[in-house]
Amino acid sequence: MLVLLSLCVCVLLLGGDAQDRAALWRGNDRSGRCQYTFTVPSPAEASCPQTGGGPEVEGLKARLSLLEVLVARLSGGDTGGPQGAEAAARPGLQEALNRATGERNLLRGEKERLEQELEGLQRRVQEMRRETEILRARPCPPQTPMLPPALPDSGLTRPAGGCGELVSIGEPVTHRKADNIAGKYGVWMQDPEAVSPYGPEMVWRIDTIGSDVRQLFGYDDMEQLAKGFPSKVLMLPELVESTGATLYRGSLYYQRRRSRSLIRYDLASESTAARRDLPHAGFHGQFPYSWGGYTDIDLSVDERGLWAVYSTNKAKGAIVISQLDPFSLDVKKSWETNIRKNSVANTFMICGRLYAVASYTAPDTVVNYVYDTATSQGKSIAVPFRNKYRYNSMIDYNLAQRKLLAWDNFHMVSYDLRLGRQQPN
Ligand code: CA
């Protein structure tokens, strides 16, 4: 075995050009054991180093000795026989192993500590960014220091009581995590004016990863969604593009894949009820939100009806809002904003106002823009918004529950919200 090992080492060391001129003999030695002889002609005899001399040879000898010890140890383990070399090498090897293990554990601990520190610093940077955004958007306070602090509900009403501007958004509540990769992005929704055979509690969901998105899952209520038990699975006649679908009066509205066609799919008859191109709308990645994902056409429903948010070449990428006829899908009226669609993470409509979310990944971001279709005016705002799972692919207003629904990195989440009093126009 030692001879074979030595032979291997020699072959490795010599390698290269010498290989095609090398010769190998095999024969018995005096004790009858098989002996291998391996010879290689040197390219320059005069340069051959002295036998046993030179640091390289000494180094090779040392490595060979180490290998012999290891081989002796291994063969000793096989036969169970006593091995002097093994006995001599074991304490040294064990000590080296212990030292290496100790160092590895120390390094692991240090790595974990540094990772935690990095995470803390990243969190702090996000917080500071958010504070800066809020401070930038806030006008200077008037010089009236003697006013008493406002009560929490002072001047505000719950959404049920009014349709004023958005004041605050609560922390996200997680309802369900998607089971597989198809659910990294998606859309979930409720029909604010449900139609038989489905009740108002029914929750619908589409997982939108992949190129063959056509399954619409229905759950009897939020509890069944949380448990992951759909009571209905519908196969849509046309493929779905992205996360912009919505529900209204017994129909699913969605953008057909790779087109600007809008589809109205009737849930009761399980068939297409209307189809119409959204005039000049960009599609399939022409004017998406900042996270991409072919989010070109975003449909939603609020107190004022059915909306499409998109952009056109004429608008040069700025957000266009169109109010649609829910029966025919015709455009009733359009507004062109001055905010670029690809500069915001998502938008949602409440009470005829469009709201834009600044970031889809920052855990603490803001709703940074509002456009009121009643006045055709837009302005900057700063309402804090939390991306708990740091990859928000869909945000829309749920008129049925008067909450925001979102799809954040496999998670279906909802947000309570608070609106101010309706200002007289
Ligand atoms: Ca949206």
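How many of the five residues of strand S14 are buried? The views below come from a predicted model.

**Figure 1. Strand S14, residues 298–302, is mostly covered.** Five of the five residues in this strand are buried. Asp-298, Ser-300 and Asp-302 point one way from S14, and Leu-299 and Val-301 point the other way. In a regular strand, side chains alternate between the two faces of the sheet. Residues on either side of S14 are buried, Asp-298 and Leu-299 among them.

**Figure 2. Strands S14 and S15 form a hairpin.** Two residues lie between the two strands. S15 covers residues 305–310 and pairs with S14 in the antiparallel sense. Five bridges make up this pairing. At Asp-298, the bridge partner in S15 is Val-309.

**Figure 3. A calcium ion with its protein donors.** Asp-298, whose bridge partner in S15 is Val-309, is also a donor residue of the calcium ion and is listed with two OD donors. The other donors are Asn-346 through OD1, Thr-347 through O, Ile-395 through O and Asp-396 through OD. Distances from the ion to these atoms run from 2.3 to 3.0 Å. The arrangement is irregular because the six donor atoms subtend angles of 47 to 164° around the ion. Along the sequence, the donor residues follow the spacing D-x47-N-T-x47-I-D.

**Figure 4. Two calcium donor residues, Thr-347 and Asp-396, in their strands.** Thr-347 belongs to strand S18 (residues 346–350) and Asp-396 to strand S22 (residues 392–398), so this pair ties together parts that are 49 residues apart in sequence. Are Thr-347 and Asp-396 buried or exposed? The cut-off for buried is under 20% relative accessible area. Thr-347 has a relative accessibility of 1% and therefore counts as buried. Asp-396, with a relative accessible area of 7%, is buried as well.

**Figure 5. An open sheet of four strands.** The strand order is S10-S11-S12-S13, and the pairing is antiparallel. Strand S10 (246–248) and strand S13 (271–277) are the edge strands, each pairing on one side only. From one strand to the next, the twist averages 25°.

**Figure 6. Pairing of strand S12 with edge strand S13.** S12 spans residues 261–266 and runs antiparallel to S13. Six bridges join the two strands. Strands of a sheet pair through backbone hydrogen bonds, either parallel or antiparallel. Which residue of S13 is the bridge partner of Asp-266? The partner is Ser-271.

Conventions
Residues numbered from 1 in each chain as written. Predicted model: local features only at pLDDT ≥ 70, side-chain atom pairs only at ≥ 80, totals over all residues. Heavy atoms only, no water. Buried < 20%, exposed > 50% of the residue type's maximum accessible area, 1.4 Å probe, protein only. Pairing = 2+ DSSP bridges. Donors = N, O, S within 2.8 Å, 3.2 Å for Na, K, Ca; no water. Tetrahedral: all angles 85-135°; square planar, octahedral: opposite > 155°, others 65-115°. Axes fitted to C-alpha atoms, helices over the stretch in contact; angles between N-to-C directions.
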